[in-house]
Amino acid sequence: MIVDSKDKKKDKVAISGESSTSILKEVLQFKIVYWGPGESGKTTNYFRLREKFDGVKLNSGYSIETTDGRTLWQDSIRLSFYLNLKDIKFNIITQIVTATGQERFLSTREYVLDGADGVVFVADSDPEKMEQNKRSFRELISFTQDKNIPYVIQLNKRDIETAISLKDFKKELGLPQAEVYADNTLVVYPTVALEGDSVRLCFEDLMMQIIFNYFKE
Ligand SMILES: Nc1nc2c(ncn2[C@@H]2O[C@H](COP(=O)(O)OP(=O)(O)OP(=O)(O)O)[C@@H](O)[C@H]2O)c(=O)[nH]1
Ligand SMILES: [Mg+2]
């Protein structure tokens, strides 16, 4: 779990927004991309994370939109965390980027994915958006399959009345019906990005996978 400087009580966890007295060994830079169909809630995730990690942000971030509130190019922000492994301190700089879900911007989407260390796939709970969910998921897999990039799947808008069941969603996307994988991460993260529910959990679990991947290599 990642904690920012306001969350000092959770110090036993590995990552924090606070510098400690141990010697800084290395600065690691990662990039996380929020990917998914148009209007599934990627920019909303971005705004909630920006609020939740207010204490550790390195810049104020930007959000480039069309006049109707759709992402034209991307949203981006950089956050700084510290990871203490034994007596070695790592400064982890994470850039969060959201891709536009608009169909007509396929080429910019691929560009945004360039250099990604991890992806949050944001799907929409609206059953009428299932085809878009599937298309976007296939697109993501086709761009990432050779690169072994970790990703987590978020099923957003769990608050809507007609929300698809988790079971049906997993079936449609060809995912295992189990709730968790062996490493305890969820197969699907149900979220209400509008309220900020589980947005941080989803982000932190992906960060842990990215860090684990980094040290494994
Ligand atoms: N009911 C509900 N609405 C949500 C939720 N998350 C986002 N929305 C709404 O969905 C709409 C689209 O949200 P955005 O965050 O702009 O979606 P996006 O994925 O960035 O869209 P593009 O950039 O156009 O691909 C907005 O009206 C949000 O308020 C949620 O959890 N529940
Ligand atoms: Mg957007």
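Among contacts between residues at least 6 apart in sequence, what percentage join residues at least 24 apart? In this chain the figure is 68%. The model on screen is predicted, and the stops below go through it element by element.

**Whole chain.** Start with the chain coloured by secondary structure. There are 5 helices and 9 strands to find. Following the sequence from its start, the elements come in the order β-β-β-α-β-β-β-α-β-α-β-α-β-α. The chain has 217 residues, and 36% of them count as buried.

**The hairpin of β4 and β5.** Select residues 62-65, which form strand β4, and residues 71-85, which form strand β5. The two strands run antiparallel and are joined by 3 bridges. To see one pairing, pick Glu65 and its bridge partner in β5, Thr71. Between the strands lie 5 residues, and in this hairpin Gly69 has a positive phi near 80°.

**The hairpin of β5 and β6.** Keep β5 selected and add residues 88-99, strand β6. Here 12 bridges join the two strands, again in an antiparallel arrangement. Ser80 is a good place to look: its bridge partner in β6 is Ile93. This hairpin has 2 residues between its strands, and Lys86 takes a positive phi near 55°.

**Ligand 1.** Now select ligand 1 and the residues around it. The shell holds 22 residues, and the closest are Gly41, Thr43, Thr44, Thr71 and Gly101. Thr71 was met before, as the bridge partner of Glu65. Which helix gives the most residues to this shell? It is helix α1, residues 42-52, with 3 residues. Coloured by class, the shell shows 13 polar, 5 charged and 4 nonpolar residues.

**The largest nonpolar core.** Hide the ligand and select Val33, Trp35, Val120, Phe121 and Leu206. These have the most contacts inside the largest nonpolar core, which has 43 residues. Helix α5 supplies the largest share of this core, 7 residues. Centre the view on Val33. Apart from its neighbours within four places in sequence, Val33 is in contact with Val97, Ala99, Val112, Leu113, Ala116 and Val119.

**Helix α5.** Finish with residues 199-216, helix α5. This helix has 18 residues, and the distance from its first C-alpha to its last is 26 Å, close to the 26 Å expected at 1.5 Å a residue. Which of the residues of α5 are buried? They are Val199, Cys202, Phe203, Asp205, Leu206, Met207, Ile210 and Ile211. Leu206 is also one of the residues with the most contacts inside the core.

Notes
Residues are numbered from 1 along each chain as its sequence is written. Chains are lettered from A and ligands numbered from 1 in the order in which they are written. This is a predicted model: local features need pLDDT of at least 70, side-chain atom pairs count only at pLDDT 80 or more; totals for chains, interfaces and linings use all residues. A nonpolar core is a set of buried Ala, Val, Leu, Ile, Met, Phe, Trp, Tyr and Cys residues joined through C-beta atoms within 7 Å. A residue is buried if 20 or more other C-beta atoms lie within 10 Å of its own, exposed if 12 or fewer, and partly exposed in between; C-beta atoms are placed from the backbone. Helices (H or I, at least four residues) and strands (E, at least two) are DSSP runs, numbered from the N terminus. Two residues are in contact if their C-beta atoms, placed from the backbone, lie within 7 Å. The expected span of a helix is 1.5 Å times one less than its number of residues. A residue is near a molecule or strand if its C-beta atom, placed from the backbone, lies within 6 Å of it. Ala, Val, Leu, Ile, Met, Phe, Trp, Tyr, Cys and Pro count as nonpolar, Asp, Glu, Lys and Arg as charged, and the others, Gly among them, as polar. Two strands pair if DSSP finds at least two bridges between them.
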